[in-house]
Amino acid sequence: MFVSLRSPLALGLLLCSFTAALPGQELIARVQTLLTQAEAVGIGHAFDLGNQIADLADANTDPTRDAIVRAAEGLGAVGKIAATVALQGLKDDVTYSKDIFAMIKPVAESTDPAVRSSAMALLGEERYFNTKILPEVRKILDANCKDELQPPQVRIEAAQALWHVGTNDQRGTAKTTLQQFLQSTDRDLRIRGALALAELNTESGPAFAILRDIQHEPSDAGRRARLYIKREEERREFERLLARALEAKPVTGGGGNREPDEYRVLTELRQRIRAQHIQGAQFTDQELIEFAAKGLLQGLDPHSTFFTSDEFQKFFFDLRREYGGIGAFVNFDQDNDFAIVRPIYSGPAYVAGLRSGDKILEVDGWETAGHTSDEIIARLKGRPDTKVVLKVFRPGWQGAQDLTINRQQIHVPAVNSAMIPGEIGYIELINFSANLAEELGGAIRNLQSQGAKGLVLDVRNNTGGFLNEARDVVELFVEGRKLVVYTQGPAEDKRDYLTRNRAITNLPLAVLTNNFSASASEITAGALQEHNRAVVIGERSYGKGSVQNMMPLSVDPSEEFEDLNQDNVWQEGEPYTDRNRNGKFDVGAHIKLTVAKYYLPSGRCPHREFDKEGRIVDPAWGVIPDKEIDLLENKPEDAWKNAAVFALLRKGVFKDYVKKHLPGNPQLFQQLAEGDDGDFSRYPEFDAFYKGLDTKLSEDDVRRWLRYEVRDQVADLRRAVYPGGRAVGDPQEDAQLQEAVRQLLQKRGEDIRTVAAYKNVLKIQFGEEPRTGAK
């Protein structure tokens, strides 16, 4: 089990010692000895030995600094880790900022996960880096945080460090990265992500659900989970007291108004933060108010939230998924160049010729090098029907080329679909954003026109969105006027959401769920299940049965703008009144407040609630599948393969192989993407490729990961991405999807084992027939 270097338990393992200051030559020799010892004994003792070196210094720390820098020359990564710890231990400020960064920067590129994660931890100590170096520190952490090819422990440590030193946007990136691990099929990674989020004290929802599951385990993770859960309970109790304090009316006494006793706790907290917190002087009163507002709402329940203006704009985009721009997913590539990850195939970037992997060197003559992704994206976006000139380079070109693109209103797809073997239409719902049902209706009609005789609706990892969209999705499959869901709360009258006789298909239907299917996903799956319209397959859903309303705050209203597009939403390029003169449009603060619960047609609320003892209130929470089955991407005894795969991904071997062979074999690779029958011999020069890897992975393991890369890279050729990602949504590798296909074929009196595409790649077991909830 990986323990974060910043966790309270890990810090408790760091030993301290005291040694009298040594004279010059003896000091140099002692420092050299300790650094050499660190290099020999490994990363596990580097922090302890580094602290011992720092303790050698007297009031004048410069001689010790000189000895450390001199002794570290020529040492490897572990020695430099110890030297960095020593330099940080000399002075608790930016005195040796330049030396510390020069020492740790090359270590941050180490291929050893333990060493690299240690470097991330040391970069997360903001007080040691001056304002000139801090942006470089953030850039390294941000890159490691986003790089999916890095081992999990590196990304987790980088995310934690970025949370401590990053900008508000980068802190959002850090949190999102850690939340991604909560969705992993690997239990160990889910626990790591949950512990990291709990350590940052940023949320109490999905992460704490995982911690509650492991809190009684006799392990280090179990002990840490208990510690964090106790802290969370204490925090919630404080927030309840704070909420009651804010509801109290001012009291009058003596000669006039005075501050109520309950409010004085806030005043004292502010004063103590200013006077005693190690970073208290860095926070403005506005920021402290935002922290208090977040704590006030999060103390009520895990889903009520305060949004700053920037936070709400990002949240709103995820639900609306529209903007003016070129239509492409972008990020920094492995060469640290800003590049096209994948174009949106209905957008102007693809039409103009941009392809996955293209590097964007300039935007309207402005160089992208040295700038953040947010800065670059802001220049790529703009009002529809305006032009932007990109300087683009593609591997294989002799030089960069200018490309003029006419921006358009871009709709980021929330639906991916494909026909899969067995004449089955497979549809992935990414979230329940605006106009989802309209997009889904188009996908259903398209699949039916291709001959689909059954449909699979996948809401795995879909955390929800608009409640109305859930009703609109269900009514595409359910005829007549049927109850989908109703909501009710203390200040909310009972409201029924009924289908409106808009069904467009009566094909047999299966719905896939997992433990991250939440909210609108649960309404969809639960309603279809209870109306006997679909069989639900996979894992029990998350159990979020509450309803939140978005509310603007009158004390921080949106800035006025000229709505040139007539869409009631500010778009990049539209004139606005910069009320606070911060150089950007502000939509104003908002809150997301839990106002009701929702109930399925049977009257059951799937909300998962805990009592004060941490026990589940209703054991029937969530949506329980008719057939429970795991994804089965890896067997538990094959967990060692994760490290071996990460090592190959880090080297880019799969990507390089496909880039080499795809141009000469486009039709073959599109066939392999659809299905390779589990036969690695179908891949050109596979034997030589496998031999050159020098890996303990089997040929079939390598074939599987090679095919994942093939499916990614042929997207540009087929002008569409495959639904899901890696094993999820792949009919060859996804056991839950295979089970759905099996049950749909059974309704037609057919057997999945007779379908040629599945014969050699089936992961599901046969024996007792599964019970079904659909008719």
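The second largest pocket of this predicted model holds about 880 Å³ of space. Its lining is made up of 36 residues, with helix H13 giving the largest share. Three helix pairs, H4 with H5, H5 with H6 and H7 with H8, are described after the pocket.

**Second largest pocket**

- Among the 36 lining residues, Arg-212, Arg-236, Pro-302, Glu-609 and Phe-610 lie nearest the centre of the pocket.
- Two or more lining residues come from each of helix H12 (206–214), helix H13 (220–247) and strand E20 (590–599).
- H13 provides seven residues, the largest share of the lining.
- Sorted by class, the lining has 15 charged, eleven polar and ten nonpolar residues.

**Helices H4 and H5**

- Helix H4 (residues 62–72) packs with H5 at an angle of about 170 degrees, and their axes are 10 Å apart.
- Angles over 145 degrees count as roughly antiparallel, and H4 and H5 are therefore roughly antiparallel to each other.
- On the H4 side the contact involves Thr-64, Arg-65, Ile-68 and Ala-72, which meet Lys-80, Ala-83, Ala-86, Leu-87 and Leu-90 of H5.
- This contact of H4 with H5 has six nonpolar, one polar and two charged residues.

**Helices H5 and H6**

- The axes of helix H5 (residues 77–90) and helix H6 (residues 97–104) come within 9 Å and cross at roughly 165 degrees.
- That angle makes H5 roughly antiparallel to H6.
- The crossing of H5 past H6 is left-handed.
- From H5, the residues Lys-80, Ile-81, Ala-83, Thr-84, Leu-87 and Gln-88 meet Asp-99, Ile-100, Met-103 and Ile-104 of H6.
- The contact of H5 with H6 comprises six nonpolar, two polar and two charged residues.
- Lys-80, Ala-83 and Leu-87 of H5 take part in the contact with H4 and also in the contact with H6.

**Helices H7 and H8**

- Helix H7 (residues 113–123) and helix H8 (residues 134–146) have axes that come within 10 Å and cross at roughly 140 degrees.
- H7 and H8 are therefore oblique to each other, as roughly antiparallel pairs require an angle over 145 degrees.
- H7 passes H8 in a left-handed crossing.
- Arg-116, Met-120 and Leu-123 of H7 make the contact with Val-137, Ile-140, Leu-141 and Asn-144 of H8.
- By class, the residues of the contact of H7 with H8 are five nonpolar, one polar and one charged.

Note on methods:
Residues are numbered from 1 along each chain as its sequence is written. This is a predicted model: local features need pLDDT of at least 70, side-chain atom pairs count only at pLDDT 80 or more; totals for chains, interfaces and linings use all residues. Side-chain values use heavy atoms; hydrogens and water are left out. On a 1 Å grid over the protein atoms alone, a cavity is a set of points where a 1.4 Å probe fits but cannot get out, and a pocket is an open set with protein on both sides within 12 Å along at least five of seven lines; lining residues have an atom within 4 Å of a point. Grid points are joined across faces, edges and corners, and a volume is the space filled by probe spheres set on the points. Helices (H or I, at least four residues) and strands (E, at least two) are DSSP runs, numbered from the N terminus. Ala, Val, Leu, Ile, Met, Phe, Trp, Tyr, Cys and Pro count as nonpolar, Asp, Glu, Lys and Arg as charged, and the others, Gly among them, as polar. Axes are lines fitted to C-alpha atoms, for helices over the stretch in contact, and angles run from 0 to 180 degrees between N-to-C directions. Angles under 35 degrees count as roughly parallel, over 145 as roughly antiparallel, 65 to 115 as roughly perpendicular and the rest as oblique. A crossing is left-handed if the near helix is turned anticlockwise from the far one by less than a right angle, and right-handed if clockwise. Contact means heavy atoms within 4.5 Å.
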